[in-house]
Amino acid sequence: MQPETVLAGGRVIDGSGGPSRLADLVLRGGRISHIVPAGSARTTGNVIDVTGLAVSPGFVDMHAHSDLALLADPAHEAKVCQGVTLEVLGQDGLGYAPVTDETAEPIREQIAAWNGTPELDHSWRSVGEYLDLIDRGSPTNAAYLVPQGNVRMAVVGNDDRPATEAEIERMRAMVARGMADGAHGLSSGLTYTPGMYADDDEIVALLEPVRAAGGYYCPHHRNYGSRVVESYQECLDVARRAHVPLHLAHCHVNFPQNRGRAPEVLDAIDEATVRYGLDVTLDSYPYRASATYLGAPLPSWAQEGGTAATLARLRDPDTRARVLREIETEGTDGNHGIPMDWTTLVVTGTADPALSWAVGSSIADLAKKRGEEPGQTYADLLVADELRSGCLLQVGNEENIRAIMRHSAHTAGSDGILVGDRPHPRGWGTFPRYLGHYVRELGLLSLEECVRHLTSRPAQRLGLTDRGTIQIGAVADLVVFDPDTVDARATYEEPGRTPVGIEHVMINGEFTVREGRRTDRLPGRSVRRNAQ
């Protein structure tokens, strides 16, 4: 049994969005046992004076790519030092479970730019086996979504064709197994192969076991560019047809063509909520750039068959010319129907150290230095690094970001890619940037409302009644921060800098950050659906 701890004299922001109050929190057995007026707690345990600081529920990262980091990096300072106590994994339709003996390695290759290739025993296959590893001790708590691309690869392969009825039944069974193992829903990556080869009818069919288990659907939808509003509407329609709640992953409205169009997306969400009673939430990160693997803008036909087939096409001069013509002049499905502006595509990391010369530069700048066309530089780099490079896409719109974060369905998701030499700073800065830049400096949200977005609202989406709020009996996942100083220090030039103003972080009643320093504790566990 953990000794009793008191957080004394803090400004308690309980996650409800209501007014804060001065109080003492008494913690016992990993939970909040008492909430009493400041200065009135009586205990023989450990008393920590947090006068002048805010005390809130732990932050929930609704879109995380820490699937391997939780197993390979015990410190995990990128998230722990932000105050993140729960991360939702298995995102964008591609993850590390469920897998088969045949698909485990191809999936690891495909998303190496998201998660790296740490030395691990990858012997797990099911969602349950993966979550069992988290339960051995983790830097944060973790919830999981069944990735639709994994399921399709296991049953249909990397072929661009409709699934047969028999194949759909096999995929449904895999989804049902993942839900029984404790997953909270189904994710999809509809601009990534092989998930993008599924039509909406197939997605609706796979959501049947999700509905039966009380889960939700989390799509990375088909188009963030030329058809952005229509693609969000398609997600709303799929969720309505499947009768499941919807959580829109990294809900951004990108590219210059879509400047100022976020209200159209938000109006569509509001209409679906009112007209059909659809339960919709969304997440976003407070940065203009997006990030993914460098091969993502390729047309889907060029990626059919997996890594080896894609590389063969890029090595063939005629096929390469066709690929680049589509990327540069037509706008591929991989690049959301927008012709590529090579100045916006920046290399963040390469698997081969010999290619580190490319990191931190745009494809346009690299091509200029090499005296060649940008498309050739891009294709050469993909081939040389065997599709394992990462990238930024500088295509966001600040006015859209601000409109979305003020919506009543909004939650925070870092979409944090933590590998590469110069990854996106969102992995280290999302949560303090909301609190510092957008709350304290710009006043777009009140502190209490912002904390609600980061805590209770995502917990409600996950169906968690004992996390996300400060109440008697709740799990002691807590963050103590200074509202006057909290801020992100991560930048595009120095993305790995930890924030300031986060003083203490507790997970399941144990300190993971104490007086601003990471402890050696690993109290995180899997948070499985209906397992509270």
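**Figure 1. Crossing of helices α15 and α16 in the predicted model.** In this predicted model, the axes of helix α15 (residues 363-370) and helix α16 (residues 374-384) approach to within 8 Å and cross at roughly 100°. An angle from 65 to 115 degrees counts as roughly perpendicular, and α15 and α16 are therefore roughly perpendicular to each other. On the α15 side, the contact is formed by Ile363, Leu366, Ala367 and Arg370; on the α16 side, Pro374, Thr377, Tyr378 and Asp380 meet them. Sorted by class, the contact of α15 with α16 comprises 5 nonpolar, 1 polar and 2 charged residues.

**Figure 2. The loop that follows helix α16.** Glutamate 386 is located in the loop between α16 and β16. Its phi is near 50°, a positive value in a residue other than glycine.

**Figure 3. The open sheet β14-β16-β15.** This open sheet has 3 strands, ordered β14-β16-β15, and its pairing is antiparallel. The edges are occupied by β14 and β15 (345-349), each of which has a single partner strand, so one side of each is left without a neighbour in the sheet. On average, and with direction ignored, neighbouring strands of this sheet are turned by 30° against each other. Strands β15 and β16 (residues 390-393) run antiparallel and are joined by 4 bridges. Within this pairing, valine 347 has cysteine 391 in β16 as its bridge partner.

**Figure 4. The largest cavity and its lining.** The structure contains 4 cavities of 30 Å³ or more. The largest cavity has a volume of about 270 Å³. Its lining consists of 24 residues, and those nearest the centre of the cavity are Tyr192, His220, Ser290, Ala291 and His336. Strand β14 (residues 290-293) supplies the largest share of this lining, namely 3 residues. Strand β14 is also an edge strand of the sheet β14-β16-β15. By class, the lining of the largest cavity divides into 11 nonpolar, 10 polar and 3 charged residues.

**Figure 5. The open sheet β6-β7-β8.** A further open sheet of 3 strands follows the order β6-β7-β8, with parallel pairing. Here β6 (59-61) and β8 (141-144) are the edge strands; each has a single partner strand, so one side of each is left without a neighbour in the sheet. Neighbouring strands of this sheet are turned against each other by 20° on average, direction ignored. Between β6 and strand β7 (residues 84-89), the parallel pairing extends over 3 bridges. Phenylalanine 59 stands opposite valine 84 in β7.

**Figure 6. The cis peptide bond at proline 98.** Proline 98 is situated in the loop between β7 and α3 (104-110). The peptide bond that leads from alanine 97 to proline 98 is cis, and its omega is near -5°.

**Figure 7. The cis peptide bond at proline 194.** The loop between β10 (185-189) and α8 (200-206) holds proline 194. The peptide bond from threonine 193 to proline 194 is cis, with an omega near -5°.

How values were computed
Residues numbered from 1 in each chain as written. Predicted model: local features only at pLDDT ≥ 70, side-chain atom pairs only at ≥ 80, totals over all residues. Heavy atoms only, no water. Axes fitted to C-alpha atoms, helices over the stretch in contact; angles between N-to-C directions. Helix = DSSP H or I, 4+ residues; strand = E, 2+ residues; numbered from the N terminus. Parallel < 35°, antiparallel > 145°, perpendicular 65-115°, else oblique. Contact = heavy atoms within 4.5 Å. Nonpolar A, V, L, I, M, F, W, Y, C, P; charged D, E, K, R; others polar. Pairing = 2+ DSSP bridges. 1 Å grid on protein atoms, 1.4 Å probe; cavity = no way out; pocket = protein on both sides within 12 Å on 5 of 7 lines; lining within 4 Å. Points joined across faces, edges and corners; volume = space filled by probe spheres on them.
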